[in-house]
Amino acid sequence: MDNMTSRRCRPQVSMSRSPYLCALLSALLHICSGQVHNLSLSVEEGLSVGTIVGDIRAGLPKETTSSGFFISESRDSYVFRDLEIDGDTGIITTAKVLDRESVDRYAFVAATLAGEMVQVEIVVTDINDHSPVFARERTQLNISEQSPPGTRFHLEGAIDLDEGPFSTQGYQITEGNAGDMFNLEYKRVTDFYSLEMEAFDGGSPSKMGSMWVDINVLDENDNPPVFNQSEYLTYIWENAPVSTSVCQVSATDQDTGNNGVIFYWINRRQSDPGELFAIDNRTGLITLNKPLDYETQPYHELIVQAQDDGAQPELGSTFVLIKVLDVNDNAPSIDIMFLSESGDCEVSEGAALGDYVARISVSDPDLGDHQKIQVSLEGGNGQFILKTTSGSIYFLCVNGNLDRETADLYELKIVASDYGTPIQWSEEIFLLKVTDVNDNPPVFDHQELTVNISEDAPQGTAFLQVHAKDSDEGINSVVHYAILNIVHNFHFNINSKSGLITTASHLDHEEEPIIHFVVVATDSGHPTLSSTATVTVMVGDINDNEPVFERQVYKARVKEHSPVDGCFLQDTESVFSIHPWHGMVYLNKNISKNTHTQFIVDIIAEDLGNPPLSSPFTLIVKGSEVEGTGPGVPKPEVMSLALSLLISRSEEGKRGEVS
């Protein structure tokens, strides 16, 4: 049993024990970043079952204690088919009689609970258990009868599956060579010959003398270095420190002296141009020269060349495949693609439940359990949810009714974490804008408005500005105004954009003291939405109408001796005295037909406006005799008169009061 550097490792991913132990070993492999130890063992073929091959603990440093091993081979692999490995003690024994010609070596990795790893290589050595075998039992050789003595004929040799001294060593003719007609030659290579020479005389019996001749064959550099393996395979953790031993190559040269001295180097023109690895040119030990990154390059292939020190150097080459073992040194990456028509981070408030908002893909360049990614959503008040269709693709979907007027922006966070040790995580935060749909009509500040305006306001006078607010945004919130009552359109105009209402014609209080009309506000969405407000216009009166008598001349007859204050006419005609407010004309004294038979009175009706307006008229009063006048009937000295003047008053208020 030898403790040597490993020359070859076989990549294996399955475990040999229970699922629990498999998971534990997987965890150890992920957290282990120490140096990988190498152990080379040999065992002779043909030994009985149960033969001890070696102890894995021999591959660990002396100060290392081990409480058990986990093997990187499954129970149905060729290793456990032929070998029995005690995971507790590390003892390796044969499980069957080994046959070198079937399997000449075994390789596996053993890991301890402490994270130490041992690459074990077991070489099966040969015993002489095979005979030389000719390809044919009989072969035919045609020779011309004129062939001179010494003519050589090549025959196909025998094959012996054994190696070294147990392989074919020579040939001899055992039968049929009558007269020693044929000789067999089997050339063997050696650098030293010792010959005995004899000299004999012609006596009878002859006398002989002898001499030994030692012949040394001087070496020529006619053999290139030959590696003991045409290809090497080894492993290294991606976080291994610089100067970590990776692998050791070995080559031999059959030449002697300087011709057999070997130097190693890495062919940089064909491999490792970045000089990630270095090699000791005398020992062939390959070490790490720069940090590695599994995600950048998971494996490296080196072309290592061996050159002898001859005058005309000979070269040999081999391949070294270095597989980088992954550690959890990368956080998951998150890629978000928004599915709106514009591709922006937005969603319509009219989106239905389940509608897709964004496509989210997550990835982790690490291997194994590190590739399992947990994705979660934070924020959104439950209005959004994540749905998955595969392990790495998620969709952000609407999960509630959206209302831009209530919430127009949501801050969402996507968090992705792996299952490695330690856990790596990443997050993406974005603001999701809720876009508007035309779902709100304009709303007036007041549904009913009353405004006063003087009837003498000139055309184009602005007297009211209405305003309606639309909770939508953009084009959906642009409001236009119009007057709905067509019958009043000739009175007023409205600015469709500002809502400013102006007079379109002269107003007349006497014709329309109160005007009602409806203003409609319509937005610019599709379809359009609208609302209305009722406007009441109180047309204020001005003193623009003078008093007008119904007639220009009033005539009345008054009987003589009519009582004082007696009303003889309720008209707008003049009187002897007139009540300033009621227009009642009174006879202030008795009149007699003998005294006056007719009275002509000028009366003026005047309002209280500013400036006041007036209208004149003439009152003619004729006297008449009272029947029954005679003796015993006293004659009245004063004629009484009462006349009510009817005056047309077009104005209201004081302007309509006449005196």
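**Exercise 1. Which residues do ring pairs link into a cluster?**

Solution. Keep in mind that this is a predicted model. Start with the total: searching the whole structure turns up eight aromatic pairs. Now take one of them, Phe492 with Phe517. Their ring centres sit 5.0 Å apart and their planes make an angle of 35 degrees, so the pair goes down as tilted, given that tilted covers planes that are neither under 30 degrees nor over 60. In sequence terms this pair joins distant parts of the chain, with Phe492 in strand β32 (residues 492–494) and Phe517 in strand β34 (residues 514–523), 25 residues apart. Both Phe492 and Phe517 are buried. Last step: bring in Phe463, and you have the cluster of Phe463, Phe492 and Phe517, linked by ring pairs.

**Exercise 2. Classify the ring pair of Phe227 and Tyr264, and place both residues in the chain.**

Solution. Go back to the eight aromatic pairs in the whole structure. For Phe227 and Tyr264, the centre-to-centre distance is 6.1 Å and the planes are 50 degrees apart, which makes this pair tilted too. Next, find the strands: Phe227 belongs to β10 (residues 226–227) and Tyr264 to β14, so the pair bridges distant parts of the chain, 37 residues apart. Finally, check accessibility: Phe227 and Tyr264 both come out buried.

**Exercise 3. Is Ser271 buried or exposed, and what does its side chain reach?**

Solution. First, locate the residue: Ser271 is in the loop that runs between β14 (262–266) and β15 (277–279). Second, look at the accessibility. Ser271 has a relative accessibility of 4%, and because buried means under 20%, it counts as buried. Third, follow the polar atoms. The Ser271 side chain gets to the backbone oxygen of Asn267 at 2.9 Å. A polar atom of that side chain also lies 3.0 Å from the backbone nitrogen of Ile303. Fourth, list the neighbours, skipping residues up to four places away in sequence: Ser271 touches Ile266, Glu301, Leu302 and Ile303.

**Exercise 4. Where does pLDDT stay under 50?**

Solution. Begin with the chain as a whole: the mean pLDDT is 80, and 75% of the residues reach 70 or more. Then pick out the weak stretches. Over residues 1–33 pLDDT stays under 50, and the model has 95 contacts beyond four places in sequence for them. Residues 571–575 also stay under 50, with 44 such contacts. What to do with those contacts? Where pLDDT is low, predicted coordinates shouldn't be read in detail.

Notes:
Residues are numbered from 1 along each chain as its sequence is written. Side-chain values use heavy atoms; hydrogens and water are left out. Helices (H or I, at least four residues) and strands (E, at least two) are DSSP runs, numbered from the N terminus. Buried means under 20% relative accessible area, exposed over 50%, partly exposed in between (1.4 Å probe, protein chains only). A polar contact is a pair of N or O atoms within 3.5 Å; within protein, one must be able to donate a hydrogen and the other to accept it, and residues adjacent in sequence count only if both atoms are side-chain atoms. Contact means heavy atoms within 4.5 Å. Rings of Phe, Tyr and Trp (its six-membered ring) pair if their centres lie within 6.5 Å; planes under 30 degrees apart count as stacked, over 60 as edge-to-face and the rest as tilted. pLDDT is the predictor's confidence in each residue, from 0 to 100.
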